[in-house]
Amino acid sequence: YDEKNNPTLNHEGVHKIVYNYNKYWWYLGVSYKGQYGEAINDTRGISHMVLNLTPSGFLSNLSYVDKNQKPILGPEGFHSMQNYYNDMDALVRTSIYGTYQRLSNNTEGVADYVYNLNSSGQTIRVSLYDADSNLTEDLEGVAEYYYEATLNGLYYLEKQLNAQGEELPQGDI
């Protein structure tokens with residue numbers, strides 16, 4: 001509001017930000033409203049960020065839509081992110097999708113994060129793939145992260161490989 005108590009817009013073109021929760025007070029996203037309570041797009045074209053949760057409360061899907069509920073790319077360069085879980089509610093894959101629900105590379109050039117787990121559910125390897133299902137490297141040049149599985153549940157980076165399978169020096173991690 002301005003000094004005369006009239007509704008105004010912030011630098012993002014939004015008057016009010018509404019934080020959405022379910023009956024358990026789990027965060028379900030955000031909606032942008034205009035000066036008269038109407039759905040409005042911010043300067044990026046986003047009106048709603050929507051989170052869908054599993055019954056256990058884990059993130060199942062994150063997506064962005066405009067004020068007309070049409071799919072739009074969010075700030076990370078994708079429309080939606082889908083998490084996949086195994087029967088034990090352990091994350092086994094995260095996939096990135098564009099506005100046409102096809103795999104799409106995010107700002108790091110990655111469309112799929114695949115998590116390999118040991119029998120106790122601990123992540124022992126994370127592999128990165130592009131939208132064409134090719135092993136790809138993130139901004140640090142790493143395509144696969146391997147974790148030491150013998151440290152009682154603590155995650156210790158064992159090694160990193162590039163897309164050609166060559167081990168990368170770890171330096172100061």
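Let's start with two neighbouring strands: β2 and β3 run antiparallel and are paired over 3 bridges. If you want a spot to look at, find Gly29, whose bridge partner in β3 is Val50. Keep in mind as you go that this is a predicted model.

From β3, carry on to the next strand. β3 is joined to β4 by 6 bridges, again in the antiparallel sense, and here Leu51 has Leu62 of β4 as its bridge partner. The two strands make a hairpin with 5 residues between them. In that turn sits Gly57, with a positive phi of about 95°.

Now step back and take in the whole sheet. What is the order of its strands? It goes β1-β2-β3-β4-β5-β6-β7-β8-β9-β10-β11, an open sheet of 11 strands with antiparallel pairing. At the edges you find β1 (16-21) and β11 (167-168). Each of these has a single partner strand, so one side of each is left without a neighbour in the sheet. As for the side chains, in a regular strand they alternate between the two faces of the sheet.

Stay with β1 for a moment. A nonpolar surface patch of about 580 Å² is built from Ile17, Tyr19, Tyr21, Trp25 and Tyr27. Strand β1 gives the largest share of that patch, 3 residues. Tyr21 is part of the patch and lies in strand β1. Is Tyr21 buried, partly exposed or exposed? It is partly exposed, because its relative accessible area is 39%, which falls between the 20% limit for buried and the 50% limit for exposed.

Next, turn to the inside. How many residues does the largest nonpolar core have? It has 22, and Leu62 and Tyr64 are the ones with the most contacts inside it. The elements that give two or more residues to this core are β2 (27-33), β3 (48-53), β4 (59-65), β7 (112-117) and β8. You have already met Leu62 as the bridge partner of Leu51. Tyr64 has a long list of contacts once you leave aside its neighbours within four places in sequence. Among them are Ile46, His48 and Met49, as well as Lys70, Pro71, Ile72, Phe78 and His79.

Further along the sheet, strand β5 (residues 80-85) and β6 run antiparallel, joined by 6 bridges. One place to see this is Met81, whose bridge partner in β6 is Ile96. The loop between β5 and β6 holds Asp89, which has a positive phi of about 65° although it is not a glycine. That is worth a pause, because most residues other than glycine have a negative phi. Asp89 counts as partly exposed, because its relative accessibility is 31%.Following the chain onward, β6 and β7 pair antiparallel over 3 bridges, and Thr94 has Tyr113 as its bridge partner in β7. The loop between these two strands holds Gln101, another residue that is not a glycine and yet has a positive phi, here about 60°. Gln101 is partly exposed, because its relative accessible area is 46%.

Thr99 is found in the loop between β6 (91-97) and β7. At 28% relative accessibility, Thr99 counts as partly exposed. Which residues does Thr99 touch, leaving aside its neighbours within four places in sequence? They are Pro71, Ile72, Leu73 and His79. Thr99 and Ser80 are 19 residues apart in sequence and 7.7 Å apart in space, C-alpha to C-alpha.

The next pair is β7 and β8, antiparallel over 6 bridges. Here Val114 stands opposite Ser127 in β8. These strands form a hairpin with 5 residues between them, where Gly121 takes a positive phi near 90°.

To finish, look past β8 to Thr136, in the loop between β8 (123-129) and β9 (144-148). Why does Thr136 count as buried? Its relative accessible area is 14%, and buried means under 20%. Not counting residues up to four places away in sequence, Thr136 touches Gly109, Val110, Leu128, Tyr129, Asp130, Val142 and Ala143. Measure from Thr136 to Asn68 and you get 35 Å in space, C-alpha to C-alpha, with their places 68 residues apart in sequence counted as the separation.

Definitions and conventions:
Residues are numbered from 1 along each chain as its sequence is written. This is a predicted model: local features need pLDDT of at least 70, side-chain atom pairs count only at pLDDT 80 or more; totals for chains, interfaces and linings use all residues. Side-chain values use heavy atoms; hydrogens and water are left out. Helices (H or I, at least four residues) and strands (E, at least two) are DSSP runs, numbered from the N terminus. Buried means under 20% relative accessible area, exposed over 50%, partly exposed in between (1.4 Å probe, protein chains only). Contact means heavy atoms within 4.5 Å. A nonpolar core is a set of buried Ala, Val, Leu, Ile, Met, Phe, Trp, Tyr and Cys residues joined through side-chain atoms within 4.5 Å. Two strands pair if DSSP finds at least two bridges between them. Patches are made of residues with over 30% relative accessible area and no salt bridge: like charges are joined within 9 Å, nonpolar side chains (Val, Leu, Ile, Met, Phe, Trp, Tyr) within 5 Å. Accessible areas come from the Shrake-Rupley method with a 1.4 Å probe; for residues, only the protein chains shown count as cover. A salt bridge is a side-chain nitrogen of Lys or Arg within 4 Å of a carboxyl oxygen of Asp or Glu.
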